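Reader: I would like to learn how to read a protein model. Can we take the features in turn, starting with pockets?

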Amino acid sequence: MEIREAMEARHSVRAYLDKPIGLPLLQKLQEAAEECNRESGLKIRLVCNDPQAFSSFLAHYGKFSCVKNYFALIGEKSNDLSEKAGYYGERLVLYAQTLGLNTCWVAVSFAKGKTEKRLRLAQNEKLVCVIALGYGETQGVPHKSKTIKQVCRTKDFNALPEWFQSGVRAALLAPTAVNQQKFLFELVGERKVRARQRGGFCRGLDLGIVKYHFEQGAGKENFQWAD
């Protein structure tokens, strides 16, 4: 499965089978997390066989069940930590999908205090969120999406290059908090793109996620990010 196929196939899953992830896949996931950490400076951890993280009332209220594995998105405290966590976390989410696994971004509905204690964070570190991981009872369902025109800022939509439109289409497949899709893309000049969040929950996290999707759809060789 290619990344674009993974984007289209992947949907949030909250209920999982009581089926362990085999060692070969765990090794691949661990290697992928380590590669993300080397590139980003994050300290993402793959945690396995820890049902306590989803044993809280919030997890029950969020309809999570049988979650025993997750990525913990951790990094040193900084202004861009959430965006960076979203970008590299989504990279891991889509990679997991190519391996036949299911995922769900979880910012609130888990036992954060217990999880932080288990992870033994350093004083300058922060747990941004976790990503549930495993074999889902289902493959999830797609949600209603905005149109390309609703998330672009342009005077002439028809003049937008195909790579830009492809990037936005990919971004519209990205998961965002409560499916808000409060992002906006703007073509600046010929080869620069500005991405912004227009309020909403988890703004930094969502921005990182949609920027990763945009890059995969548009092709990183076709543009640069504008400030």
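Author: Start with the largest pocket. This is a predicted model, and its largest pocket holds about 1,000 Å³ of space.

Reader: How many residues line the largest pocket, and which lie nearest its centre?

Author: The lining has 35 residues. Nearest the centre are Ser12, Thr176, Ala177, Val178 and Asn179. Next, look at the elements behind the lining. α1 (3–9), β3 (102–106) and α7 (203–218) each give two or more residues to it.

Reader: How do the lining residues of the largest pocket divide into nonpolar, polar and charged?

Author: There are 20 nonpolar residues, nine polar and six charged.

Reader: How much space lies in the second largest pocket?

Author: About 200 Å³. Its lining can be listed in full: Asp80, Glu83, Lys84, Tyr87, Tyr88, Lys211, Glu215, Lys220, Phe223, Gln224 and Trp225. Sort them by kind. Six are charged, four are nonpolar and one is polar.

Reader: Which element supplies the largest share of that second lining?

Author: α4 does, with four residues. α4 spans residues 81–98. At least two residues each also come from α7 and from β8 (224–225).

Reader: Let us step back to the whole chain. How many helices and strands are there?

Author: Count seven helices and eight strands.

Reader: What does the radius of gyration tell me about this chain?

Author: Compare it with the value for a compact globule. For 227 residues, that value would be near 17 Å. The chain has 17 Å, so the two agree. For the extent along the principal axes, use the box. The C-alpha atoms fill roughly 50 × 40 × 35 Å.

Reader: What percentage of the chain counts as buried?

Author: Use the cut-off: buried means under 20% relative accessible area. By that rule, 51% of the 227 residues are buried. Now turn to the outside. The chain exposes about 11,800 Å², and carbon and sulfur atoms supply 49% of that area.

Reader: How should I read contacts along the sequence?

Author: Take contacts between residues at least 6 apart in sequence. Then ask what share joins residues at least 24 apart. Here that share is 76%.

Reader: Is helix α6 largely enclosed or not, and why?

Author: Count its buried residues. α6 covers residues 162–171, and eight of its 10 residues are buried, so the rest of the structure largely encloses the helix. The buried ones are Trp163, Phe164, Gln165, Ser166, Gly167, Val168, Ala170 and Ala171.

Reader: What do the buried residues of α6 pack against?

Author: Their partners are α1, β5 (152–153), β6 (183–188), β7 (192–197) and α7. We met α1 and α7 before, in the lining of the largest pocket.

Reader: Last topic: backbone angles. What sign does phi have in most residues?

Author: Most residues other than glycine have a negative phi. Now look at the loop between α6 and β6, where valine 178 is found. Phi of valine 178 is positive, near 40°. Glutamine 181 has its place in the loop between α6 and β6 too. Its phi is positive as well, near 50°.

Reader: Is valine 178 buried or exposed? And glutamine 181?

Author: Check each relative accessibility. Valine 178 has 68%, so it counts as exposed. Remember that Val178 is also one of the residues nearest the centre of the largest pocket. Glutamine 181 has a relative accessible area of 2%, so this residue is buried.

Technical notes
Residues numbered from 1 in each chain as written. Predicted model: local features only at pLDDT ≥ 70, side-chain atom pairs only at ≥ 80, totals over all residues. Heavy atoms only, no water. 1 Å grid on protein atoms, 1.4 Å probe; cavity = no way out; pocket = protein on both sides within 12 Å on 5 of 7 lines; lining within 4 Å. Points joined across faces, edges and corners; volume = space filled by probe spheres on them. Nonpolar A, V, L, I, M, F, W, Y, C, P; charged D, E, K, R; others polar. Rg over C-alpha atoms; globule rule 2.2 N^0.38 Å. Buried < 20%, exposed > 50% of the residue type's maximum accessible area, 1.4 Å probe, protein only. Contact = heavy atoms within 4.5 Å. Areas by Shrake-Rupley, 256 points an atom, 1.4 Å probe, with all protein chains shown as cover.
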